[in-house]
Amino acid sequence: MSTRRTLVLWCPDWPVTAAVLGGQGAGPGGPGGPGRRPVAVVDRGQVLAVSPAARAAGVRRGLRVREAQSRCAELVVLRHDPGAEARAFEPVLRAVEAVAPGVQVLRPGTCAVPARGAASYLGGETAAAAVLLDVLEQAGVPDARVGVADGPFSAEQAARTAERLPGYQVVPTGGDRPFLAGLPVEVLAPVLDPDAPDLLRRLGLRTVGAFADLAPGDVLARFGSSGGRAHRLARGDDVAAAGGRAPLPELGRTVELDPPLDRADQVVATLRPAAEQLVAGLAGQVLVCTGLRVELTDDLGGAVSRRWLHPRFFTAADVLDRVRWQLAGGGLGAPVARVDLLPEDVEPQGAHTEGLWGGGPDDHVHQALTRVQSRLGHRAVGTSVVGGGRGPADRTTFVPWGDRPLPTRPGEPPWPGRLPPPLPSTVLTRPAQATVVGAAGSPAVLDDRGTLSVPPARFRVDEGGRPAAGWPVGWQPVQAWAGPWPADERWWTDDTRGHPTGGPTGFLARLQVVGVDGSAWLLLVSAGHWWVEARYD
Amino acid sequence: MTVLPPELAERLAAARSAAARADRRFGTTTARRALETLPALAALLPGGALHTGSVYSVQGSVALATALLAGPSAAGEWCGVVGVPGFGAEAAAGMGVDLSRTVLVPDPGAEPVAVVDALVGALTVVLVGPVGRVGGAAAERLTARLRQRGTALVACTPLGSPSWPQSTAELAVTGSDWQGLGDGHGHLTGRVAEVVVQSRRSARPQRARLWLPDHEGRVAPVTTPVEQVVRAAG
């Protein structure tokens, strides 16, 4: 067991705090009043972070902007700006560095310091936590949290789960694994795939402890190297404990900028080959970098050095992001003359590398798909895997190209209520709203016992709900139908993903309908609301 | 047979390899290749099979387009599905499509034809969904690439929209008769589809009645009277 101790400082909703500190959100609430105006920071149409007032109004992370605005009309919406967030964090880091040396940034808003030094200087870990909270409050972050544990991952989780008062949580030495064991498996999401926790839950592994109890070989075989790392973290074996590691200069890269550059985008563009070489050099030794030191030296000899940790491992793009953030943080008095990239924590890559997954596709297939991915994004290209589930959309999982196909819910064991073959040839990713009426024109309504008020006589796909051109317009008489079959899935959660009802509304049922033109449809009904879920076309 | 002096033989070999390289580059000699095709469909297609370098237009039925993919995919070819956001993967698997070798690009963005172009050569059959209007020049360029690189294109368009320009064959489902569903009871057990194939080779369209799909999700010609099959499945 490692004898290192790590202290992590976490500023909740940092994007919002950064925007407020930066004056972007200063409105009638005024400076110092971030708690009063509801503020949300959005990225690509989705809410990324919310202020306490906005949270009280029901705005949550992950909502679409429109939905957030409909829940809270006076919501101030700000754009996500990683550069500004890094810049706003810089004064906070300096304030922390003044009392505790060796600060490492996990991301803007979260940093780690070696706890031993700070604890012995400030009189114990608890005292150090209290002092740092005080320092942060003076730096304009009143609601921060501190966690102390052996590894940075456990320490961050301790900070995130710390109570508002006293605002810190100390995990005793050697207590990382029991502490993590009780946490929900979702906390591993940044280390694993974003979809992996959902999968682990389906496998019955609800806590980090249950995941940690798996055999390491099984985890590696199913989740690849990121799974292996998540597993080590879950067991409390966090090798990237904060501070005090010897840098690996032979793997590092130094770039002299001649002439010196003062624009961040120029510096980043110049560094791109070096960052790629750095990652490729490590890959050549079957290593990945999880902790990186970036040193920026300006023309006059001034320097800014920062250590960055990564939840998975650094890709070339990640390295460049950190350089960009560090440049945004300021501290240099002249154009940048030299950049040092030093990997300080490296780990074996594990048993799997990208490209070998999926049964060893031919090189030219892999190249063509990667090219399309670079044009459209990583998640735009992939294959599908069929697993278990009742609804047609639940039964297939999309696996982005290059990712390891995740084991899905078993397809065989009983899924009562699943549709018998033949299966629909078009399964809508989002069910389209529809209207179904009886012979007399009264709407068909499903009651709590699963029976329809009137047999369906006519149906139509609602205006605006039609997913593609070529869908029938207007009413269509029903030639034959069957159902309703209860599809009472996931009623116990209020997870709205894949739930067309947008909330816990209880009873759902499916119907098969054939129109007079010979087209066949799979409809979903909940009370008086109807959706087209799939089409047999 | 004359034995060439060594330097001449060397020059001949060099010339041959240069010619082969040019062929590979400009594709002048990539032969049209017949692909494995589901027997139910093979008889309807010109040449008796799906061929590389050709475009097949399918109107109004994703299932029929998928069935064209099923033969080559089951034979181990890499296939792609571009711009079909709701592609029913499980139904496709039922027809014989090997999902692990079928690449999906549900949303190809603003330039779907460019995405198809990038995949041509790497994949053997590409199914492309509705992509809006494809100009004659763009279609011609793509067809030339299909011939050079040995890829077949299946273009699936909704009923009533213009079919892909320059297609070798145009397939359409003109009538569907779904089995198994009553007035509030039963469940779908299969469909007898009226399939019409029009090709440039023959003036008269080919017609056939197919199970698309049958009660096990497969594609088959209708040979036994429908009622017997329904009874067996029911």
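## Close-up views of a predicted model

**View 1. Four arginines make a positive patch on the surface.** In this predicted model, Arg32(B), Arg147(B), Arg200(B) and Arg201(B) come together as a positive surface patch. Let's zoom in on one of them, Arg32(B). You'll find Arg32(B) in a loop of chain B, after helix H1 (6–26) and before strand S1 (34–35). Is Arg32(B) buried or exposed? Something in between: its relative accessible area is 42%, so Arg32(B) counts as partly exposed.

**View 2. Three leucines form a nonpolar patch on chain B.** Here the surface patch is nonpolar, and its members are Leu4(B), Leu8(B) and Leu12(B). Together they offer about 230 Å² of accessible area. Take Leu8(B) as an example: this residue sits in helix H1 of chain B. With a relative accessible area of 37%, Leu8(B) is partly exposed.

**View 3. Cys111(A) is a cysteine without a disulfide.** A quick reminder: a disulfide is a covalent bond that links the sulfur atoms of two cysteines. How many disulfides are there over all chains? The count is zero. For Cys111(A), the nearest cysteine sulfur belongs to Cys11(A) and is 7.0 Å away. The cut-off for a disulfide is 2.5 Å between the sulfur atoms, and Cys111(A) is in no disulfide. Cys111(A) has a relative accessibility of 1%, so this residue counts as buried.

**View 4. Cys79(B) is a buried cysteine.** Now hop over to chain B and look for Cys79(B). Its relative accessibility is 0%, and buried means under 20%, so Cys79(B) counts as buried.

Definitions and conventions:
Residues are numbered from 1 along each chain as its sequence is written. Chains are lettered from A and ligands numbered from 1 in the order in which they are written. This is a predicted model: local features need pLDDT of at least 70, side-chain atom pairs count only at pLDDT 80 or more; totals for chains, interfaces and linings use all residues. Side-chain values use heavy atoms; hydrogens and water are left out. Patches are made of residues with over 30% relative accessible area and no salt bridge: like charges are joined within 9 Å, nonpolar side chains (Val, Leu, Ile, Met, Phe, Trp, Tyr) within 5 Å. Accessible areas come from the Shrake-Rupley method with a 1.4 Å probe; for residues, only the protein chains shown count as cover. A salt bridge is a side-chain nitrogen of Lys or Arg within 4 Å of a carboxyl oxygen of Asp or Glu. Lys and Arg count as positive and Asp and Glu as negative; His and the chain ends are not counted. The place of a charge is taken as NZ of Lys, CZ of Arg, CG of Asp or CD of Glu. Helices (H or I, at least four residues) and strands (E, at least two) are DSSP runs, numbered from the N terminus. Buried means under 20% relative accessible area, exposed over 50%, partly exposed in between (1.4 Å probe, protein chains only).
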